[in-house]
Amino acid sequence: MTRPRLVLDTNVLLSALLFHAGALSWLRLAWQSETILPLASRETTAELIRVLAYPKLRLTDDEREDLLADYLPWCETVVVINPPEVPECRDPLDRPFLELALVARAEALVTGDKDLLVLAKAFSVPILTPAAFR
């Protein structure tokens, strides 16, 4: 049986990585048990690194490295050379997630972001909340 290949948006990842007993902690266990295969591109990884450095998270360099080590080794890296056309989205930082989902032929883009969720009907890859995916 093949694992679902998923694009996980940054907020979903943060919840899974930072809150071990939180509502999305099951996602972390899912990629570490190889039940799902997260997809990552240079752009989506850069966004995660940028967000992990937010002062309000109060993470040390070592803590950020540990969190990345709990995620990145489980990912399939996808190179997005010529980004495909994607639906217009309100937040330009969401584009790389849509592009990655298309280029990688993901089974779904998992997000809680309303700006992405409203695109679900206009996008060829399913855009699902974590609860709907589960």
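Start with E99, which in this predicted model touches V80, P83, P84 and V86, leaving aside residues up to four places away in sequence. E99 sits in helix α5, and with a relative accessibility of 11% it counts as buried. The cut-off for buried is under 20% relative accessible area, so E99 qualifies despite being a glutamate. It has company there: the buried residues of α5, which spans residues 95-103, are P96, F97, L98, E99, L100 and A101. After the helix comes R105, with a positive phi near 55 degrees.

Two of those helix residues, F97 and L100, turn up again in a nonpolar core of 18 residues, which also includes V78 and L116. This core lies apart from the largest one, so let's look at that next.

The largest nonpolar core has 24 residues, and the ones with the most contacts inside it are L8, L27, W31, L48, L52 and Y71. Several elements chip in: β1 (5-8), α1 (10-18), α2, α3 (42-52), α4 and β4 (108-110) each supply at least two residues. The top contributor is α1, which gives five. As for background, nonpolar side chains in soluble globular proteins tend to be buried together.

Pick L52 out of that list and follow its neighbours. Leaving out residues up to four places away in sequence, L52 touches L14, L57, L59, R64, L67 and L68.

Now go to β1, which supplies residues to the largest core. This strand is covered on both faces: R5 and V7 are buried on one side, and L6 and L8 are buried on the other. Sideways, β1 has two strand partners to look at. It runs parallel to β2 (residues 37-40), with two bridges joining them, and R5 stands opposite L37 of that strand. It also runs parallel to β4, this time with three bridges, and here V7 stands opposite L109.

That leaves the aromatic rings. A ring pair is described by the distance of the centres and the angle of the planes. Counting rings whose centres lie within 6.5 Å, the model has two aromatic pairs. In one of them, W26 and F133 are stacked, at 6.4 Å centre to centre and with 10 degrees between the planes. Because W26 belongs to helix α2 (residues 25-32) and F133 to helix α7 (residues 130-133), this pair ties together parts that are 107 residues apart in sequence. How exposed are the two partners, by relative accessible area? W26 is buried at 15%, while F133 is partly exposed at 21%.

The other pair is W31 with Y71: the ring centres are 5.0 Å apart and the planes meet at 70 degrees, so this one is edge-to-face. W31 is in helix α2 and Y71 is in the loop between α4 (61-69) and β3 (76-77), so here the parts tied together are 40 residues apart in sequence. Both rings belong to buried residues, with W31 at 0% relative accessibility and Y71 at 3%. You've met these two already: W31 and Y71 are among the residues with the most contacts inside the largest core.

Terms used. Residues are numbered from 1 along each chain as its sequence is written. This is a predicted model: local features need pLDDT of at least 70, side-chain atom pairs count only at pLDDT 80 or more; totals for chains, interfaces and linings use all residues. Side-chain values use heavy atoms; hydrogens and water are left out. Rings of Phe, Tyr and Trp (its six-membered ring) pair if their centres lie within 6.5 Å; planes under 30 degrees apart count as stacked, over 60 as edge-to-face and the rest as tilted. Helices (H or I, at least four residues) and strands (E, at least two) are DSSP runs, numbered from the N terminus. Buried means under 20% relative accessible area, exposed over 50%, partly exposed in between (1.4 Å probe, protein chains only). A nonpolar core is a set of buried Ala, Val, Leu, Ile, Met, Phe, Trp, Tyr and Cys residues joined through side-chain atoms within 4.5 Å. Contact means heavy atoms within 4.5 Å. Two strands pair if DSSP finds at least two bridges between them.
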